[in-house]
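Hi,

Here is the structure I said I'd pass on. Have a look at it first, and then read my notes underneath.

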Amino acid sequence: MCVDVDNNGFISKDELNVLFKAANLALPGYRIRELVQEFTKNSDQLTFDEFTNIVHGLKSTEVAKTFRKAINKKEGICNVAGTSEQSGTQHSYSEEEKVAFVNWINKALEKDGDCKHVLPMDPNTNDLFTGMGDGIVLCKMINLSVPDTIDERTINKKKLTPFTIQENLNLALNSASAIGCHVVNIGAEDLKEGRQHLVLGLLWQVIKIGLFADIELSRNEEY
């Protein structure tokens, strides 16, 4: 996955928001701004080295404390009822997280003609969840995270039918598992129906794997 999705040599605020979430650092906006001011020379964007310094410099206790506060406040948290096999069970997802992922995908795939039927997504709607329904965007995101995981020729892109959509979704799930995502409780029907917490959870894993692959590559280049 290319962390700098617009290839300008820096990580912008929109990119930074997604990266912190993908790195399991769900920090509030004010804390991110403080970190940017502390670790960088430019308050609007970071170099990749500056970002990795922030990630590795944060203490786990501080992250846990911040996360607990965010959960207790329940700000921007959407509850989804009836989305599990157990009737009445509720799952939650962050509206801010959804917006961050939409912005990320819009930038990363904006020039991909195969995704023009669903892009750009509107972050203020459920476009993200419906846009995963045919499997194409998810396959593309997996290849951004770990290049060449999926042979583009195997993705059904035109004149889609329920059968070819099912093939795409199975391909995406199998490929996600192959790169290290946990997909045991996620099925093709979940993605087709746009079950919010499952879609966000899978996207989070895909982005995180690509992010840390880039961090490891950066480390290796230093030696």
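Before anything else, one cut-off: a residue counts as exposed when its relative accessible area is over 50%, and as buried when that area is under 20%. Keep in mind too that this is a predicted model.

With that cut-off, K159 counts as exposed, because its relative accessibility is 80%. You'll find K159 in the loop between α7 and α8. What made me stop there is the backbone: K159 has a positive phi of about 45°, although it is not a glycine. D148 belongs to the loop between α7 (136–145) and α8 (162–178) as well. Its phi is also positive, about 70°, and D148 is not a glycine either. At a relative accessible area of 73%, D148 is exposed.

Why point these out? Most residues other than glycine have a negative phi, and most peptide bonds are trans. On the second point, have a look at L119 and P120: the peptide bond joining them is cis, with omega at about 0°. P120 sits in the loop between α5 and α6 (127–131).

Now the helices. Helix α5 covers residues 95–108, and its 14 residues should span 20 Å at 1.5 Å a residue; the C-alpha atoms at its ends are 20 Å apart, so the two agree. Several α5 residues are buried, including F101, V102, W104 and I105. Charged residues turn up among the buried ones too: E97 and K98 are both in that group.

I105 comes back in the largest nonpolar core, which has 39 residues. Together with L128, M132, V137 and L202, I105 touches the most other members. Helices α5, α6, α7, α8, α9 (188–192) and α10 each supply at least two residues of this core, and the largest share, eight residues, comes from α10. For a feel of how the core is put together, try M132: leaving aside neighbours within four places in sequence, M132 is in contact with I105, M121, V137, L138, L169, L191, V199 and L203.

One last spot to look at is Q205, in helix α10 (residues 196–222). Is Q205 buried or exposed? Its relative accessibility is 19%, so Q205 counts as buried. Its side chain reaches the backbone nitrogen of H182 at 2.5 Å. Not counting residues up to four places away in sequence, Q205 touches C181 and H182.

Shout if you can't find any of these.

Cheers

Methods:
Residues are numbered from 1 along each chain as its sequence is written. Side-chain values use heavy atoms; hydrogens and water are left out. Helices (H or I, at least four residues) and strands (E, at least two) are DSSP runs, numbered from the N terminus. The expected span of a helix is 1.5 Å times one less than its number of residues. Buried means under 20% relative accessible area, exposed over 50%, partly exposed in between (1.4 Å probe, protein chains only). A polar contact is a pair of N or O atoms within 3.5 Å; within protein, one must be able to donate a hydrogen and the other to accept it, and residues adjacent in sequence count only if both atoms are side-chain atoms. Contact means heavy atoms within 4.5 Å. A nonpolar core is a set of buried Ala, Val, Leu, Ile, Met, Phe, Trp, Tyr and Cys residues joined through side-chain atoms within 4.5 Å.
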